[in-house]
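Grab a viewer and work through these exercises at your own pace. Try each task before you read its solution.

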Amino acid sequence: MVDVSTSQTSPVPFLKGHGTENDFVIVPDPDNGIDLSAAAVARLCDRRAGVGGDGLLHVVRSAAHPEAAHMADEAEWFMDYRNADGSIAEMCGNGVRVFARYLQRVGHVETGDIAVATRGGVKRVHIAKAAAGAGADTGDITVSMGRALLPEDGVTVTVDGRSWPARNVNMGNPHAVAFVDDLSHAGNLFTAPPFSPASVYPDGVNVEFVADRGERHVAMRVHERGSGETRSCGTGACAVAVAAARRDGLDPSVTGTPVTYTVDLPGGRLVITERPDGQIEMTGPAVIVAEGYIEPALLETVNA
């Protein structure tokens with residue numbers, strides 16, 4: 001592999017995209033030839049000194065990546081996702097939609113059903129056809145997010161002297177979901193809200209604060225582990241919908257009827273459906289807004 005911090009000499013192509021304003025730097029690297037260090041990723045995601053983003057989507061063929069080779073028979077492409085601080089994450093729901101939109105944009109896939117490999121497993125994705133008269137790559141994208149795990153051990157989250165119980169929901173990554181009367185109670189969310197006991201989430205957690213907006217309709221804010229407050233979080237929206245359904249006494253595995261919640265986020269709206277078999281589907285937009293080149297000097301500066 002090429003160590004971009006010392007020997008990358010050619011500009012590195014990139015794109016910029018977002019899903020409900022959860023934005024990402026996209027680095028196409030089909031053969032896994034670029035070794036993106038944590039420091040390089042953090043620099044690229046810096047909104048003043050880099051491209052800027054809540055995270056980075058490293059686009060690699062599954063067969064070319066040691067963490068994804070075992071999924072290559074199911075999914076040609078692997079989403080090597082990194083948080084804005086350069087740390088590795090298991091999954092990112094909005095990221096999968098943007099990842100799929102990129103694959104569609106460059107002609108690797110067409111509308112319809114595709115599979116994307118992630119550290120949280122293979123995700124099934126459906127790219128809807130665009131509405132008549134709209135751009136070819138404007139249809140909503142639905143991601144099958146897998147099943148939620150609901151560990152019994154929850155936590156108490158505290159902000160500015162207020163405390164709330166938070167439901168433990170795992171969507172391939174950990175979430176703590178707290179229901180509040182007003183989203184302003186979440187504070188600034190620049191730093192991770194304290195929670196206890198700390199042993200429940202030894203590697204940190206994504207914390208969602210949720211307020212009701214109507215029947216099966218909620219709004220949320222989120223602190224994403226490694227990124228701070230973001231405009232949207234797909235796995236977080238799924239965790240919120242599941243937690244809200246259980247709070248409301250709804251469990252599709254018991255009733256045999258799908259449950260759908262509308263989840264409003266600062267960056268837009270997602271629709272989350274939990275099916276009787278436990279599969280959770282997330283539907284929302286994904287947009288590519290720019291493309292260009294990263295100067296090698298930017299990457300070299302990271303690790304100089």
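## Exercise 1: The second largest cavity

The residues around the second largest cavity are Ala-241, Val-242, Ala-245, Val-259, Tyr-261, Ile-272, Thr-273 and Glu-274. Keep in mind that this is a predicted model.

**Task.** Work out which elements supply at least two residues each to this lining, and how the lining splits by class.

**Solution.**
- Step 1: Start with the elements. Helix α3, β17 (259–265) and β18 (268–274) each give at least two residues to the lining of the second largest cavity.
- Step 2: Sort the lining by class. There are 6 nonpolar, 1 polar and 1 charged residues.
- Step 3: Add the volume. About 40 Å³ of space lies in this second largest cavity.

## Exercise 2: The largest cavity

**Task.** Say how many cavities of 30 Å³ or more the structure holds, then describe the lining of the largest one.

**Solution.**
- Step 1: The structure has 2 cavities of 30 Å³ or more.
- Step 2: The largest cavity holds about 60 Å³ of space.
- Step 3: Its lining is made up of Tyr-81, Asn-83, Ala-89, Met-91, Cys-92, Asn-173, Asn-206, Glu-224 and Arg-225.
- Step 4: By class, that gives 4 nonpolar, 3 polar and 2 charged residues.

## Exercise 3: Two pockets

**Task.** Set out the volume, lining and class make-up of the largest pocket, then do it for the second largest.

**Solution.**
- Step 1: The largest pocket has about 200 Å³ of space. Around it sit Ala-42, Cys-45, Asp-46, Arg-47, Arg-48, Gly-53, Asp-54, Ala-84 and Ser-227.
- Step 2: Its lining comes out as 3 nonpolar, 2 polar and 4 charged residues.
- Step 3: The second largest pocket has about 160 Å³. Its lining consists of Pro-13, Phe-14, Leu-15, Pro-28, Tyr-102, Arg-105, Val-106, Glu-291, Gly-292 and Tyr-293.
- Step 4: Here the classes are 7 nonpolar, 1 polar and 2 charged.
- Step 5: Now for the elements: β2 (12–19), α2 (93–105) and β20 (287–294) each bring at least two residues to the second largest pocket's lining.

## Exercise 4: The nonpolar cores

**Task.** Find which residues have the most contacts inside the largest nonpolar core, and which helix gives the largest share of that core.

**Solution.**
- Step 1: The largest nonpolar core has 53 residues, and Met-79, Val-125 and Ile-272 have the most contacts inside it.
- Step 2: Helix α3 (residues 234–247) contributes the largest share of this core, 9 residues.
- Step 3: Apart from this core there is another one of 18 residues, including Trp-164, Ala-186, Leu-189 and Val-207.
- Step 4: Go back to Val-125 and look at its surroundings. Beyond residues up to four places away in sequence, Val-125 touches Val-96, Ala-100, Gly-112, Asp-113, Ile-114, Val-116, Ile-141, Thr-142 and Val-143.

## Exercise 5: Ser-232 and Thr-20

**Task.** Is Ser-232 buried or exposed, and what joins its side chain to that of Thr-20?

**Solution.**
- Step 1: Place Ser-232: it's in the loop between β16 (228–229) and α3.
- Step 2: Its relative accessible area is 0%, so Ser-232 is buried.
- Step 3: The side chains of Ser-232 and Thr-20 are joined by a polar contact of 2.6 Å.
- Step 4: Setting aside residues up to four places away in sequence, Ser-232 touches Gly-19, Thr-20, Asn-22, Asn-94, Glu-224, Leu-265 and Leu-270.
- Step 5: Thr-20 lies in the loop between β2 and β3 (22–28). At 3% relative accessibility, Thr-20 is buried too.

## Exercise 6: Backbone oddities

**Task.** What is the phi of Thr-20, what is the phi of Leu-189, and what kind of peptide bond joins Ser-196 and Pro-197?

**Solution.**
- Step 1: Recall the background. Most residues other than glycine have a negative phi, and most peptide bonds are trans.
- Step 2: Thr-20, not a glycine, has a positive phi of about 45°.
- Step 3: Leu-189 isn't a glycine either, and its phi is positive at about 60°. Leu-189 sits in the loop between β12 (174–179) and β13, and is buried with a relative accessible area of 2%.
- Step 4: The bond joining Ser-196 and Pro-197 is cis, with omega about 0°. Pro-197 is in the loop between β13 (195–196) and β14 (206–214).

Note on methods
Residues are numbered from 1 along each chain as its sequence is written. This is a predicted model: local features need pLDDT of at least 70, side-chain atom pairs count only at pLDDT 80 or more; totals for chains, interfaces and linings use all residues. Side-chain values use heavy atoms; hydrogens and water are left out. A nonpolar core is a set of buried Ala, Val, Leu, Ile, Met, Phe, Trp, Tyr and Cys residues joined through side-chain atoms within 4.5 Å. Buried means under 20% relative accessible area, exposed over 50%, partly exposed in between (1.4 Å probe, protein chains only). Helices (H or I, at least four residues) and strands (E, at least two) are DSSP runs, numbered from the N terminus. Contact means heavy atoms within 4.5 Å. On a 1 Å grid over the protein atoms alone, a cavity is a set of points where a 1.4 Å probe fits but cannot get out, and a pocket is an open set with protein on both sides within 12 Å along at least five of seven lines; lining residues have an atom within 4 Å of a point. Grid points are joined across faces, edges and corners, and a volume is the space filled by probe spheres set on the points. Ala, Val, Leu, Ile, Met, Phe, Trp, Tyr, Cys and Pro count as nonpolar, Asp, Glu, Lys and Arg as charged, and the others, Gly among them, as polar. A polar contact is a pair of N or O atoms within 3.5 Å; within protein, one must be able to donate a hydrogen and the other to accept it, and residues adjacent in sequence count only if both atoms are side-chain atoms.
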